[in-house]
Amino acid sequence: MDEPVLLTGAGGRVGQAILRGLGDEYDWRLLDREPLPAAKVPDGVTDADRYVADITDERAVREAVGDVGAVIHLAGDPRKTAPWDSVLRNNIDGTQVVMRAAADAGVKRFAFASSNHAVGGYETEDRTPDLYRPEDDYRLDGSELPRPGNLYGVSKAAGESLGRFYHDEFGMSVVCVRIGNLTRDHPPREYERGQAMWLSHRDCAHLFDRCLQAEYGYEIVYGISNNDRRYYSIERAREALGYDPADNSADYTFEGKPKSDSDTETNGGRYDGDSFASDADRPAPESPAEPNFPADPDDA
Ligand SMILES: NC(=O)C1=CN([C@@H]2O[C@H](COP(=O)(O)OP(=O)(O)OC[C@H]3O[C@@H](n4cnc5c(N)ncnc54)[C@H](O)[C@@H]3O)[C@@H](O)[C@H]2O)C=CC1
Ligand SMILES: O=C1O[C@H](COP(=O)(O)O)[C@@H](O)[C@H](O)[C@H]1O
């Protein structure tokens with residue numbers, strides 16, 4: 001793709017996983033309400049391509065989205081405990097502003113960071129914890145109705161509906177990725193649910209790469225690695241996008257240690273050769289809940 005790609009929420013966990021994997025592959029335009037330190041910006045991204053703006057600032061967003069070919073929209077409040085005023089502003093109103101500006105600018109592809117929490121209500125007492133175990137064959141595949149378990153999930157379901165609207169009424173290709181649980185180097189530790197919905201950094205980069213390359217109309221897909229434990233199907237992501245994940249939480253112990261050195265995210269990955277210095281050379285990322293919102297109380 002020759003045109004620039006706008007990445008909102010570029011400084012966060014998902015944004016950095018994408019940039020670490022795909023920093024060299026696209027002409028990026030980065031937007032975040034926090035200024036990005038140089039270590040978070042791929043080589044070649046100029047100051048003119050860095051926007052410090054809130055996504056509810058319509059004028060700034062319209063400027064950032066001008067002449068881009070695609071948008072990856074991540075900016076928002078990621079907390080499952082987020083209160084209504086925050087998700088209403090950051091996740092619903094903010095997504096409306098970004099999608100509207102993209103549709104008006106004629107953006108071709110729009111990838112929206114939805115969440116497992118848009119369907120958290122399917123994890124009923126009678127299904128859990130079996131649901132999180134490899135032998136269980138229950139699957140959500142993206143065709144089911146949203147069933148949020150919290151207001152954050154409601155805001156993600158709203159974003160998916162906005163995407164449907166902007167696809168149907170404006171013809172913009174929209175893919176909603178119900179992201180599972182992104183962690184770096186190993187799956188969430190001692191957390192069955194997290195291991196069932198693990199998304200490794202390299203699979204995250206690969207998945208969003210496919211969102212920028214594939215031809216689609218409107219899609220809802222699950223963004224998880226190829227985990228043995230799973231209750232989300234990744235078939236639609238494979239079929240519609242050509243997603244081909246490399247990682248599996250079963251390659252790690254329950255405590256998060258690699259079972260072998262040959263098949264882990266840190267060794268031999270599709271995206272290990274990225275535009276940044278190696279992960280080991282990079283400054284440690286800031287804490288997961290930085291910088292805008294206080295941490296979810298039950299986040300490890
Ligand atoms: N990390 C994960 O495992 C998952 C993340 N997601 C979604 O992916 C997206 C990114 O999540 P993370 O990277 O984990 O969050 P994060 O909090 O690490 O990053 C979010 C980024 O967006 C920026 N931001 C927040 N509100 C903004 C606003 N109003 N205007 C401009 N910038 C704003 C923040 O400054 C931050 O850099 C979120 O929409 C989240 O709901 C969904 C499921 C799982
Ligand atoms: O949407 C999100 O989901 C992940 C996983 O949820 P959890 O309930 O297992 O923690 C969460 O880590 C992330 O912060 C959130 O944005």
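For the residue classes used here, Ala, Val, Leu, Ile, Met, Phe, Trp, Tyr, Cys and Pro count as nonpolar, Asp, Glu, Lys and Arg as charged, and the others, Gly among them, as polar. Everything below is from a predicted model.

**View 1. What sits around ligand 1.**
By those classes, the shell around ligand 1 splits into nine nonpolar, 12 polar and five charged residues. That shell has 26 residues, and Gly9, Gly12, Arg33, Ala113 and Ile179 come nearest to the ligand. Four elements supply at least two shell residues each: α1 (13-22), α3 (84-104), β5 (109-115) and β7 (181-182). The largest share, three residues, comes from α1.

**View 2. Gly15, a glycine in helix α1.**
Stay with α1 for a moment, since Gly15 is found in this helix. Is Gly15 buried or exposed? Gly15 has 23 other C-beta atoms within 10 Å, and 20 or more make a residue buried, so Gly15 is buried. Look across to His73 as well: the C-alpha atoms of Gly15 and His73 are separated by 9.3 Å, although the two residues are 58 apart along the chain.

**View 3. The shell of ligand 2.**
Nine residues surround ligand 2. The closest are Pro78, Lys80, Ser115, His117 and Asn181. Sorted by class, the shell around ligand 2 comes out as one nonpolar, five polar and three charged residues.

**View 4. The seven-stranded sheet.**
Here is an open sheet of seven strands, paired in parallel and ordered β3-β2-β1-β4-β5-β6-β9. Which strands are at the edges? They are β3 (50-52) and β9 (218-223), each of which pairs on one side only. On average, neighbouring strands of this sheet are turned by 15° against each other, direction ignored. As a quick reminder, strands of a sheet pair through backbone hydrogen bonds, either parallel or antiparallel.

**View 5. Zooming in on β4 and β5.**
Strand β4 (residues 70-73) runs parallel to β5, and four bridges join the two. To pick out one bridge, start at Ile72 and go to its partner in β5, Ala111. Strand β5 is also one of the elements that supply at least two residues of the shell around ligand 1.

**View 6. Helix α4 and Tyr152.**
Helix α4 (residues 151-170) has 20 residues and reaches 28 Å from its first C-alpha to its last, close to the 28 Å expected at 1.5 Å a residue. Tyr152 has its place in this helix, α4, and an unreviewed UniProt entry annotates Tyr152 as "active site". Why does Tyr152 count as buried? Tyr152 has 26 C-beta neighbours inside 10 Å, and the bar for buried is 20 or more. Just after α4, Gly171 takes a positive phi of about 80°.

**View 7. The annotated domain, residues 5-183.**
The unreviewed UniProt entry gives this stretch as "domain: NAD-dependent epimerase/dehydratase". Over residues 5-183 the chain is 33% helix and 18% strand. The end C-alpha atoms of that stretch are 24 Å apart.

**View 8. Pro258, in the segment after α7.**
Pro258 lies in the segment that comes after α7 (235-241). With 16 other C-beta atoms within 10 Å, Pro258 is partly exposed, because that class lies between the 12 or fewer of exposed and the 20 or more of buried. Another proline, Pro187, is 71 residues away along the chain, and the C-alpha atoms of Pro258 and Pro187 are separated by 9.6 Å.

How values were computed: Residues are numbered from 1 along each chain as its sequence is written. Chains are lettered from A and ligands numbered from 1 in the order in which they are written. This is a predicted model: local features need pLDDT of at least 70, side-chain atom pairs count only at pLDDT 80 or more; totals for chains, interfaces and linings use all residues. A residue is near a molecule or strand if its C-beta atom, placed from the backbone, lies within 6 Å of it. The expected span of a helix is 1.5 Å times one less than its number of residues. UniProt positions are given in the numbering used here, feature names are shortened, and annotations may be inferred rather than shown by experiment. Two strands pair if DSSP finds at least two bridges between them. Axes are lines fitted to C-alpha atoms, for helices over the stretch in contact, and angles run from 0 to 180 degrees between N-to-C directions.
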